[in-house]
Amino acid sequence: MKAFAGLLDLLLFTPSPHGKIQHLIHYFNETENPDRGYALAALTGALDLKAIKPAQIRKLIEKRLDAVLFRYSNDFVGDIVETTALTWDSHKQVSSKIYQLHEVIERLQNTKQGQITDCVEMLLDELPAQERYTFLKLATGGVRVGVSTHLARKALAKFGQVDISAIEELWHGLEPPYANLFSWLEGRAEKPRNLAKAPFHSFMLAHALEEKEPKEITPQIYAAEWKWDGVRVQLVSEKGVAKLYSRAGDDISNAFPDILENVDFEGRLDGQLLIANSLTGKNNGLFSISDFATLQKRLNSKTVSKKILEKSPAIIRLYDYLKIGDKDLRPLPFKVRRQKLEHFFQIERTRFDLSPLISFQNFGDLKSMRQNPPDKMIKGLMLKQWQSPYLKGRPKEHWYQWKREPFRMDAVLLYVQMSHGRGAGLYTDFTFALWTDDNALVPVGKASCMLNDEELLIIDKFVSENTVERFGPVRSVRAEAEFGLVLEVAFEGVDRSMRHKSGIVLRLPHIARLRMDKAPKEADTLAKLKKLL
């Protein structure tokens, strides 16, 4: 437990993904099975424990500590788990027994649900303070230290010096504590067999197209299609089991039962997950598509109600055909796979439509179409070699993505926050605002900057001389019509949002440059931004 408790502390206070990966690799090297396997499961949400609720913890602590004192302490600390770990008054001296992580987990797993509170109380009595905190995080299912499943897989790949795609394709057939996985990664055993039903296969990804005109982009060599604003997915149906996977290899099937209910084939398809405005009628064979924010709500939903299913029906706009029955199509050229995909649509498909290919004569045609797409839900172009097999990862010269130029606006700097990594010690995280009709500033977004060192120093000096208020690491700066800093903000789109005072949320904003030539009164208005909706 002590080693895992130390790992959680390191992960919590390490902001960079690279740093987190290094901590995980060190832990995997220094920790034996099954502890490291259970730690991996806890970090990735794969650990099945009988959880204890915060209300039960409160009852336990109030048996040992005055209720009023506990409430005051909890108000100060802000977290019931941390407060309990710090204030727990053991009835006996802390045990000299050194608990291993697997011992604690197995005790929780083997305890009957009705006895879980007694089990937690006994372990709280026997563990030292730091380990009590870690134990309670496990028992409440709250191990959140900024480690995604994808980041954990990257750490495993570096630990075992294997390609991450090999781990992604095995992942859904593995179970904690992953002894066979670690034996393989350490070179002590053969690669585990993939026992998952309807397993994940790695995606083929595209390189960004350079701005200069590539002479080889011709209709004889490349197919062109639109890049839609959704989530890339693979839909797999094998031996009566259907699953939906994101690009990161996460199983998102539970959030989209309406897709799986309409699977009437055996095979594997690649496409873009979208939300349709309506399932009744198509325009030129395509559903009318809702904005990305609507899709994001469904992705974030733990349970999908009947109302959500009716109001936000999911569809897949198909790009590629990877498997028919037991036949793997990935080695075939894209042109052949596309023909088979078109044949798939000879039967009407309720929750699917086909991403159309775009006719073009030369690269100039593509340039024009990229900046003037026929639908607001289009983010740019995809260019695919007709002869490309479907390969893992991001092979060069096979596929290109060419996003349209971002939207831009001038906004007023309101708040700043110090960053880590490059620019550490300087203010690089900015909240910016636009003018309302009554000449007030309303925040519309927050972004990290892509400025040079000289511009960062200008902002740092401005903040030092013009801080109005302090909120922990955040600084509020002067922002008036005649005095302040104006930033040029680039972003990919804008959606409605009920959570934000401005009523909108920006897609992927970043600070492009300082506008020292503009006064704050010359910044853009919220009304102008809302026209993009």
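In the predicted model, the axes of helix 4 (residues 54–64) and helix 6 (residues 80–87) come within 10 Å and cross at roughly 25°. Angles under 35 degrees count as roughly parallel, and helix 4 and helix 6 are therefore roughly parallel to each other. Their crossing is left-handed. On the side of helix 4, the contact is made by Pro-54, Ile-57, Arg-58 and Ile-61, and on the side of helix 6 by Ile-80, Thr-84 and Thr-87. By class, this contact of helix 4 with helix 6 has 4 nonpolar, 2 polar and 1 charged residues.

Helix 7 takes part in two helix pairs, one with helix 3 and one with helix 8. The axes of helix 3 and helix 7 come within 8 Å, with a crossing angle of roughly 60°. Helix 3 and helix 7 are therefore oblique to each other. The crossing of helix 3 and helix 7 is left-handed. Asp-35, Tyr-38 and Ala-39 of helix 3 make the contact with Leu-101, His-102, Ile-105, Glu-106 and Gln-109 of helix 7. The residues of the contact of helix 3 with helix 7 divide into 4 nonpolar, 2 polar and 2 charged.

For the pair formed by helix 7 (residues 101–110) and helix 8 (residues 116–126), the axes come within 10 Å and cross at roughly 160°. Angles over 145 degrees count as roughly antiparallel, and helix 7 and helix 8 are therefore roughly antiparallel to each other. Helix 7 passes helix 8 in a right-handed crossing. From helix 7, Val-104, Arg-107 and Leu-108 meet Ile-116, Cys-119, Val-120, Met-122, Leu-123 and Glu-126 in helix 8. In the contact of helix 7 with helix 8, 7 residues are nonpolar, none is polar and 2 are charged.

Two cis peptide bonds are described here, each leading into a proline. The peptide bond from Asn-33 to Pro-34 is cis, with omega near 0°. Pro-34 is placed in the loop between helix 2 (17–30) and helix 3. A cis peptide bond also joins Pro-176 and Pro-177, where omega is about 10°. Pro-177 is found in the loop between helix 11 (164–171) and helix 12 (179–185). Tyr-178 likewise lies in the loop between helix 11 and helix 12. Although Tyr-178 is not a glycine, it has a positive phi of about 60°.

The largest pocket of the model has a volume of about 1500 Å³. It is lined by 40 residues, of which Thr-44, Gly-45, Ala-46, Thr-149 and Lys-302 are the closest to its centre. Four helices give two or more residues to the lining of the largest pocket: helix 3 (35–44), helix 9 (129–139), helix 10 (149–160) and helix 14 (292–300). The residues of the lining of the largest pocket divide into 19 nonpolar, 14 polar and 7 charged. Helix 3 thus appears both among the elements that line the largest pocket and in the contact with helix 7.

Note on methods. Residues numbered from 1 in each chain as written. Predicted model: local features only at pLDDT ≥ 70, side-chain atom pairs only at ≥ 80, totals over all residues. Heavy atoms only, no water. Axes fitted to C-alpha atoms, helices over the stretch in contact; angles between N-to-C directions. Parallel < 35°, antiparallel > 145°, perpendicular 65-115°, else oblique. Left-handed = near helix turned anticlockwise from the far one by under 90°. Contact = heavy atoms within 4.5 Å. Nonpolar A, V, L, I, M, F, W, Y, C, P; charged D, E, K, R; others polar. 1 Å grid on protein atoms, 1.4 Å probe; cavity = no way out; pocket = protein on both sides within 12 Å on 5 of 7 lines; lining within 4 Å. Points joined across faces, edges and corners; volume = space filled by probe spheres on them.
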